[in-house]
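Subject: Handing over the structure

Hi there,

Here is the structure I promised to pass on to you. Please open it alongside this message, and then read on for what turned up.

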Amino acid sequence: MKVVLFCGGYGLRMRSGTSDDVPKPMAMVGPRPLIWHVMRYYAYYGHTEFILCLGYGAHHIKDFFLNYEETTSNDFVLRGGRTELLSTDIADWTITFAQTGIESPIGERLRRVRHHLDGDEMFLANYADVLTDAPLPEMIDRFARRDAGASMMVVPPQSSFHCVDLGEDGLVGGITPVSELPLWENGGYFVLRQEVLDHIPEGGDLVADGCGGLAKQGRLVAYRHRGFWKPTDTVKERAALDEAYARGDRPWAVWERDGAGAGVRA
């Protein structure tokens with residue numbers, strides 16, 4: 001299946017006060033940017049046709065792939081001054097680079113790449129800035145068996161805050177961590193049918209309009225994932241993932257489980 005990646009937003013919460021225009025999916029985790037980790041996840045499960053919805057800082061993403069250096073994350077032999085790779089990352093990938101506007105909402109970006117889907121009934125979509133170890137084949141299979149227009153992966157709330165149960169007299173009846181409440185958050189991993197686009201107006205949003213419209217018709221399903229899931233909305237969150245990578249704690253790197261990614265070193 002084709003994979004649509006939304007990688008054109010400003011990522012303002014990732015800014016460190018500098019004037020650079022690097023988009024959030026290009027923030028580094030280990031020796032590679034976030035978008036590479038997300039794409040390796042999909043490629044591991046056999047989905048190697050990518051459509052990148054570009055916008056802000058698009059040239060950074062283009063330059064990264066146009067000048068891709070395989071030796072950064074693969075073992076190789078240097079013989080007679082020539083490099084012989086022992087493995088590759090992206091040799092079998094097909095990547096479409098599509099400019100979808102600087103200010104476009106997610107739904108509008110999806111609308112603008114619809115023609116690149118070649119009429120495929122089902123496709124995958126992702127924000128390109130969230131890492132997980134979710135079992136993608138199971139997620140797809142469950143959706144394929146349902147009469148639904150979209151599937152959204154949901155995760156328990158990630159907030160460290162507490163909710164306070166207050167009585168009218170101001171007395172606290174209980175304190176509950178947000179993470180323990182019977183709530184679920186959008187995890188950013190989608191399995192979609194083309195009909196989701198019929199619910200997205202010009203300038204619309206994928207979740208509020210597309211998924212919201214399907215939900216009203218009873219055609220939106222959720223895949224609940226309680227395993228590893230980490231967003232990178234802030235500099236602190238990105239730094240935590242980078243530190244985890246350095247110490248070898250990277251459950252999102254499913255491609256390393258069977259040695260397929262053995263060339264990647266801390």
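Below are some notes on the salt bridges and on one loop residue.

First, some background: this is a predicted model, in which local features need pLDDT of at least 70 and side-chain atom pairs count only at pLDDT 80 or more, while totals for chains, interfaces and linings use all residues. Residues are numbered from 1 along each chain as its sequence is written, and side-chain values use heavy atoms, with hydrogens and water left out.

**Salt bridges**

Side chains of opposite charge can pair when their charged atoms come close. A salt bridge here is a side-chain nitrogen of Lys or Arg within 4 Å of a carboxyl oxygen of Asp or Glu. By that rule, the count is 18.

A good place to begin is Lys2, whose side chain forms a salt bridge with that of Glu49 at 3.8 Å, N to O. This pair links distant parts of the chain, with Lys2 in strand S1 (residues 2-7) and Glu49 in strand S4, 47 residues apart. Strands are DSSP runs of E with at least two residues, helices are runs of H or I with at least four, and both are numbered from the N terminus.

Lys2 also meets Asp120 in a salt bridge, at 2.8 Å from N to O. Here the partners are 118 residues apart, as Asp120 sits in the loop between helix H3 (106-112) and strand S8 (122-126).

How exposed are these residues? Buried means under 20% relative accessible area, exposed means over 50%, and partly exposed lies in between (1.4 Å probe, protein chains only). Lys2 is buried at 9%, whereas Glu49 is partly exposed at 38% and Asp120 is partly exposed at 24%.

Within helix H3, the side chains of Glu108 and Arg111 form a salt bridge at 2.9 Å, N to O. The two are separated by about one helical turn because they are three residues apart in that helix. Glu108 is buried, with a relative accessible area of 7%, and Arg111 is partly exposed at 33%. Elsewhere, salt bridges with shared partners join Lys2, Glu49, Asp118 and Asp120 into one network.

**A loop residue**

Thr48 lies in the loop between helix H1 (34-44) and strand S4 (49-54). Thr48 is buried, with 18% relative accessible area. Leaving aside residues up to four places away in sequence, Thr48 is in contact (heavy atoms within 4.5 Å) with Ala43, Asp92, Trp93 and Thr94.

Happy browsing, and best wishes!
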